[in-house]
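I opened this entry to record what I looked up, beginning with the surface and then moving to confidence, the interface and the charged pairs.

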Amino acid sequence: MDFEWHLFVDSLPSLLHGARTTVALAAAAAVFGLIIGVSLALLHATAFPPLVWLVTGWTTLMRSLPLLVTLLFLYYGLPSIGILLSAVTVAIIAMAITTGAFVTEIMRAGIESIDRGQIRAAKSLGMSWVQSMRLVVLPQAFRRVLPPLTNEAITLLKNTALVSVIAIPDLLRAGTDIMTWKANTFSPFAGVALVYLCLTLPLVALNAYLEQGIKRSQR
Amino acid sequence: MTDTPIKIRNLYKSYGSNEVLRGIDLDVQRGEVVCVIGPSGSGKSTLLHCINGLEAFDSGEIVFCSEYVGWGRESGGGRARVSERAMTKLRQRIGMVFQQFNLFPHMTVLDNITVAPIQVLGEERNNAIERARALLSKVGLAHKADAFPSQLSGGQQQRVAIARALAMQPEAMLFDEATSALDPELVGEVLGVMRHLADEGMTMVVVTHEIGFARDVADRIVFMDQGVVVEQGPPNDILTMPTNPRTREFLTRSLGA
Ligand SMILES: Nc1ncnc2c1ncn2[C@@H]1O[C@H](COP(=O)(O)OP(=O)(O)OP(=O)(O)O)[C@@H](O)[C@H]1O
Ligand SMILES: [Mg+2]
């Protein structure tokens, strides 16, 4: 055990600095992932076979690849075809398309869980397909999938730790840097774990609260 | 304005190998109330769904207020599918009330009623709200404007559903067993609203198990069995002296119960 309080306390400011990057990356990936997920789920909901196949193929692929592989594939692969992007951009793209695939699955299940009578009623009132989705199906589906979406946000936040391999100064990277300089593992990593916990626990609590809410409303 | 808003000719529809409608002919006059009765599975719901284009049919013809539903005629004499856009327009002019109410659970009663007039017809918001309130008074639910569907009884939900359909100012209303999902003591309040609507001259096609309602309100009763119209006529004739044995048997069972 090489825990030392002063090292732990001294490391906190730079860890918090790294945490800002982690949160910013996760937030950006969450927003784009949500946009991708909702869009692909809607394409799937058109029931137009080529779109359905395309969406199913893509989400299956992205859910099967480890994020680390996608990340490195883009980081080293894109430059070789002449696309030069910053590490942060690559990280956001990799996380957004991976999360987007999971969000697609979640949204698709949510949309399919809405009673067919709702769509019939919307249609019978003269709504177009787009209107029935926007006004009737999606608002209900969103409510239903909020708990799994928060779960996905937790996974995403934790997965951001992977971006430290492409030299982004995130929370984990801040910890490993301190470890190298101070030749001490335990103190900075206790800090790293603590900061991750502080970030994820509110989401875990939110998830539990939403699950309860769904149970309440089903009673 | 035609005098025969609904014209159905030789309508056929199957689900796979199951022939559900087998040559239906039916005309509904403006202001007429037609009650459709018949055993379970005879195709009554399917017929209503075809009339407002919720279901596609295989052959035959439906004309609603001079517009083809589902399939139209090409100038050359062939058949052409009516575009989805045209069908959407058409549905705006036909109101439908479902057995399961199908109110939108995430909207208040008022929003349920105003959403289509505002979003689909582009009606001005205050106008739509004003009309929605008038419709709510008409169905006896003025005090429930801000409630959510889950806070209402089945009978109240169905009355809201009727108001929601009426808010589109439809030229005809289709009712698919509007009272079948209700507790017996709530049936009367919904039938009352429907009766009132009939008195006001609304063109109505009512699929129902309520023989009493059909007798009192219908201008004509249509008896369907196994996808065909077996017999039709004024309530008195059909209910008291049916000529077809299938009609007689059905009535004995429903009235005897
Ligand atoms: N979406 C569907 N897919 C396959 N078969 C269907 C579908 N909808 C209805 N059917 C079949 O079509 C037949 C007629 O159904 P329909 O609902 O029109 O009867 P109904 O007269 O309304 O009966 P009920 O009084 O029970 O409501 C039934 O055999 C039913 O199983
Ligand atoms: Mg039915």
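**Surface patch.** I looked first for nonpolar surface and found that A:Trp58, A:Leu61, A:Leu65, A:Val69 and A:Phe73 form a patch with about 480 Å² of accessible area together. For patches I took residues with over 30% relative accessible area and no salt bridge, joining nonpolar side chains (Val, Leu, Ile, Met, Phe, Trp, Tyr) within 5 Å and like charges within 9 Å. The accessible areas come from the Shrake-Rupley method with a 1.4 Å probe, and for residues only the protein chains shown count as cover. The elements that give two or more residues to this nonpolar patch are α2 (49-64) and α3 (67-80) of chain A; helices (H or I, at least four residues) and strands (E, at least two) are DSSP runs numbered from the N terminus. I then checked A:Val69, which lies in helix α3 of chain A and is partly exposed at a relative accessible area of 42%, where buried means under 20%, exposed over 50% and partly exposed in between (1.4 Å probe, protein chains only).

**Basis and confidence.** I note that this is a predicted model, in which local features need pLDDT of at least 70 and side-chain atom pairs count only at pLDDT 80 or more, whereas totals for chains, interfaces and linings use all residues. Residues are numbered from 1 along each chain as its sequence is written, chains are lettered from A and ligands numbered from 1 in the order in which they are written, and side-chain values use heavy atoms, with hydrogens and water left out. The model scores ipTM 0.90 and pTM 0.88. Chain B averages a pLDDT (the predictor's confidence in each residue, from 0 to 100) of 91, and 98% of the residues score at least 70. Within chain B, confidence is lowest in strand β6 (residues 71-73), at a mean of 78, and highest in helix α3 (residues 109-119), at 96.

**Interface.** I found 23 residues of chain B in contact with 19 residues of chain A, contact meaning heavy atoms within 4.5 Å. The two chains bury about 1,700 Å² between them, 62% of it on carbon and sulfur atoms; buried area is the accessible area (1.4 Å probe) that two parts lose on being put together, summed over both. B:Phe104, B:His106 and B:Gln119 supply 31% of the area that chain B buries against chain A, more than any other three residues.

**Charged pairs.** How many salt bridges does the rule find across the interface of chain B and chain A? I got 0 there, although a search of the whole structure finds 16 over all chains, a salt bridge being a side-chain nitrogen of Lys or Arg within 4 Å of a carboxyl oxygen of Asp or Glu.

In chain A, A:Arg63 forms a salt bridge with A:Glu105, the closest N and O atoms being 3.6 Å apart. A:Arg63 lies in helix α2 and A:Glu105 in helix α4 (residues 87-112) of chain A, so the pair ties together parts that are 42 residues apart in sequence.

In chain B, I found B:Glu200 paired in a salt bridge with B:Lys138, with the closest N and O atoms 2.8 Å apart. B:Glu200 sits in the loop between α6 (184-199) and β10 (204-207) of chain B and B:Lys138 in helix α4 (residues 125-138) of chain B, so this pair ties together parts 62 residues apart in sequence. B:Glu200 is partly exposed at 46% relative accessibility, and B:Lys138 is partly exposed at 36%.
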